[in-house]
Amino acid sequence: MMPPDDHGVERGYDVELHRNRGALVLPLACVVGGGVLLALPGEHTLLRRLVALGAVLLGGGVLVGLLRPFRFVIDADGLTVRRPGLRRTIAWAEVAALALTRPPARDGLSPTPRLLLVPAPGALADLPTDARHPADGRAAVELLDLARVREKPAEVAAALARHAGDRFVDALGGAPADERSADRHRTP
């Protein structure tokens with residue numbers, strides 16, 4: 001157990017999510033492949049130059065997006081979010097509900113789980129609501145696509161259940177997170 005901080009809040013159970021870096025391989029290959037095509041000696045046809053330049057620009061653009069700052073922390077104070085389009089700490093008092101859900105399948109593809117936030121009345125008015133809470137249809141903000149983080153949905157659900165309490169609903173239909181997954185995040 002960690003000692004309480006100055007405000008009497010126990011620390012040591014904070015969970016920081018980490019970006020999934022597996023998506024870097026393809027854009028990096030595009031940049032390197034396009035660079036090699038541009039650097040090869042010989043006659044450069046216009047089509048070859050355009051393809052090489054397109055690969056470098058496309059791969060570079062995706063890489064820039066993947067390397068942008070990212071931070072997502074779940075703790076006793078609330079949620080600290082730093083991602084494209086949102087950079088702030090959201091106190092628990094500003095949260096009416098959180099839901100871990102999966103959108104409907106499209107084109108035969110199974111969508112990845114996402115975390116939705118329903119703001120408390122009068123809070124977070126500057127955030128655009130782009131989703132609906134799965135239980136009651138209230139307007140919600142998509143905070144996170146879990147495909148973008150390394151942690152498993154069960155780990156995220158355990159942290160949210162611990163810190164958000166009754167505000168959190170795990171609409172994925174999974175079994176309650178076991179204590180072992182929660183214990184991995186505890187600091188001795």
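**Salt bridges, cores and a surface patch**

D126 counts as exposed, because its relative accessible area is 56% and the cut-off for that label is anything over 50%. The structure it belongs to is a predicted model, and D126 makes a handy way in. Its side chain meets that of R88 in a salt bridge, with N and O 3.0 Å from each other. This pair links distant parts of the chain: D126 sits in the loop between strand 6 and strand 7 (131-132), R88 belongs to strand 4, and 38 residues separate them. R88 is less open to the outside by label, being partly exposed with a relative accessible area of 26%.

Stepping back, the chain has 188 residues, and 34% of them count as buried. It holds 4 helices and 9 strands. Read from the N terminus, these elements follow the order β-α-α-β-β-β-β-β-β-β-α-β-α. Among contacts between residues at least 6 apart in sequence, 57% bring together residues at least 24 apart. The chain exposes about 11200 Å², and 58% of that comes from carbon and sulfur atoms.

Back to the charged pairs. How many salt bridges turn up in a search of the whole structure? The count is 4, and the D126 and R88 pair is one of those described here. Another joins the side chains of E142 and R114, again with 3.0 Å from N to O. E142 lies in strand 8 and R114 in strand 6, so this bridge ties together parts of the chain 28 residues apart in sequence. The two partners carry unlike labels: R114 is buried, with a relative accessible area of 17%, while E142 is partly exposed at 24%. The cut-off explains the split, because buried means under 20%. D136 and R138 form a further bridge, and their closest N and O atoms are 2.8 Å apart. Both count as partly exposed, D136 at 43% relative accessibility and R138 with a relative accessible area of 35%.

R19 tells another story. It is found in the loop between strand 1 (15-17) and helix 1 (25-39). R19 is buried but takes part in no salt bridge. The nearest side chain of opposite charge belongs to E16, 10 Å away. That rules out a bridge between them, because a salt bridge needs the nitrogen and oxygen within 4 Å. What does R19 touch, once residues up to four places away in sequence are set aside? Its contacts are the run G65, L66, L67, R68, P69 and F70, together with R148, V149 and R150.

Next come the nonpolar cores. The largest has 29 residues, and F72, L79, L98, L115, L143 and L160 have the most contacts inside it. Elements that each supply at least two residues include strand 1, strand 2 (71-75), strand 3 (78-83), strand 4 (86-91) and strand 5 (95-101), and also strand 6 (114-119), strand 8 (139-145) and helix 3 (153-164). Helix 3 gives the largest share, 5 residues. F72 offers a closer look: outside its neighbours within four places in sequence, it is in contact with V15, E16, L17, L79, T80, V81, L115, L143 and L144. There is also a second, separate core of 5 residues, with A97, L116, V118 and A131 among them.

Nonpolar residues show up on the surface too. L28, V32, V36, L37, L40, L47 and V51 form a nonpolar patch there, and their accessible area together is about 600 Å². Helix 1 and helix 2 (46-66) are the elements that give two or more residues to the patch, with the largest share, 4 residues, coming from helix 1. Is L47, one of the patch residues, buried or exposed? L47, which is part of helix 2, counts as exposed because its relative accessibility is 63%.

One backbone oddity rounds things off. L124 is not a glycine, yet it has a positive phi of about 55 degrees. It lies in the loop between strand 6 and strand 7, which is also where D126 is found. The two residues differ in cover, though: L124 counts as buried at 6% relative accessibility, whereas D126 is exposed at 56%.

Definitions and conventions
Residues numbered from 1 in each chain as written. Predicted model: local features only at pLDDT ≥ 70, side-chain atom pairs only at ≥ 80, totals over all residues. Heavy atoms only, no water. Buried < 20%, exposed > 50% of the residue type's maximum accessible area, 1.4 Å probe, protein only. Lys, Arg positive; Asp, Glu negative; His and termini not counted. Contact = heavy atoms within 4.5 Å. Core = buried A, V, L, I, M, F, W, Y, C linked by side-chain atoms within 4.5 Å. Patch = residues over 30% accessible without salt bridge, like charges linked within 9 Å, V, L, I, M, F, W, Y side chains within 5 Å. Areas by Shrake-Rupley, 256 points an atom, 1.4 Å probe, with all protein chains shown as cover.
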